[in-house]
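Q: Please take a close look at a single part of this model, the metal site, and describe it in one connected answer.

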Amino acid sequence: MTMCLSDAWAKSGEILVAPSMLSADPLHIGADACVAVEAGADCLHIDVMDGHFVPNLGYTPAQVAALKAAVDIPLEVHLMVAHPERFIPAFAEAGADMIVFHREATPHAHRLLDDIRGRGLLSGVAVAPTTSLEEVPYLLDVLDLVLIMGVDPGFSGGSFVPSTPEKVARATDLVRGSRARVGVDGGVSATTAAGLRDAGASFLVSGSHFFGAADKAQAIAELKALE
Ligand code: DX5
Ligand code: ZN
């Protein structure tokens, strides 16, 4: 049975790590997902890209459904698409446990978060490096994750934006007292993780660092600060 993401979410104080499947070997996506599970991943992060919102193409609902059948950990779907409302139903049906869309992609963030929650899923809003956090306080009643992008969205292996830890600290202040976690996607590595955790991040997405690590269990333990 699939582990429940809501239960993991509720354990405050625990750092959750999600390997990003954008860095998986495209010829061996299923095998790489299993490697992530074996290494101790809390969930899989799956990037969806439409070639409009970001200049890249990514995972489909059919691939998410196939991953759902292949692994017993939750799936977090990161929609880097224009008009995210068009894609939420298909990815919910495919088996997503959490859906995150970009603040910049819609003027109706509260409505979409409410829709995602209404489907029994965890809800998240991602913010690109130049997007402010001004609206976060108005989303807290329907929000499980503020996902701060540590790189310009669209690719694995991008350069870490230096202002990210400070932005994480601001987001952490804004969500205090709510059930929302602050996460980081992009540029998370053994080098950057400590600063991000210290700033309040408790959900770390890792693509190139995780899949490039020789010892993947150790990579996760390091990101969680277990060793
Ligand atoms: C980038 C994606 C990330 C990406 C992270 O826009 O949303 O999930 O895979 O890759 P790294 O960890 O290599 O920066
Ligand atoms: Zn992502």
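A: Donors are the N, O and S atoms within 2.8 Å of the metal (3.2 Å for Na, K and Ca), and sites may look incomplete because water is not among the atoms. The model is predicted, so local features need pLDDT of at least 70 and side-chain atom pairs pLDDT 80 or more, while totals for chains, interfaces and linings use all residues. Residues are numbered from 1 along each chain as written, chains are lettered from A and ligands numbered from 1 in written order, and side-chain values use heavy atoms, without hydrogens and water.

Along the sequence, the donor residues of the zinc ion (ligand 2) follow the spacing H-x1-D-x30-H-x106-D. These protein donors are His45 through NE2, Asp47 through OD, His78 through ND1 and Asp185 through OD, at 2.0 to 2.2 Å from the ion. Around the zinc ion (ligand 2), the 6 donor atoms subtend angles of 73 to 171 degrees, and the arrangement is therefore octahedral (six donors, opposite ones over 155 degrees apart and all others between 65 and 115).

His45, in strand 2 (residues 44–49), and Asp185, in strand 7 (residues 181–185), are 140 residues apart, so that the pair links distant parts of the chain; strands here are DSSP runs of E with at least two residues, numbered from the N terminus. Both His45 and Asp185 are buried, that is, under 20% relative accessible area with a 1.4 Å probe, protein chains only.

His45 also faces ligand 1, with a polar side-chain atom 3.2 Å from an oxygen atom of that ligand, where a polar contact is a pair of N or O atoms within 3.5 Å. Ligand 1 further has an oxygen atom 2.7 Å from a polar backbone atom of Gly154, and a backbone N or O atom of Gly207 lies 2.8 Å from an oxygen atom of ligand 1.

Key: Tetrahedral: all angles 85-135°; square planar, octahedral: opposite > 155°, others 65-115°. Helix = DSSP H or I, 4+ residues; strand = E, 2+ residues; numbered from the N terminus. Buried < 20%, exposed > 50% of the residue type's maximum accessible area, 1.4 Å probe, protein only. Polar contact = N/O pair within 3.5 Å; in protein donor to acceptor, adjacent residues only side chain to side chain.
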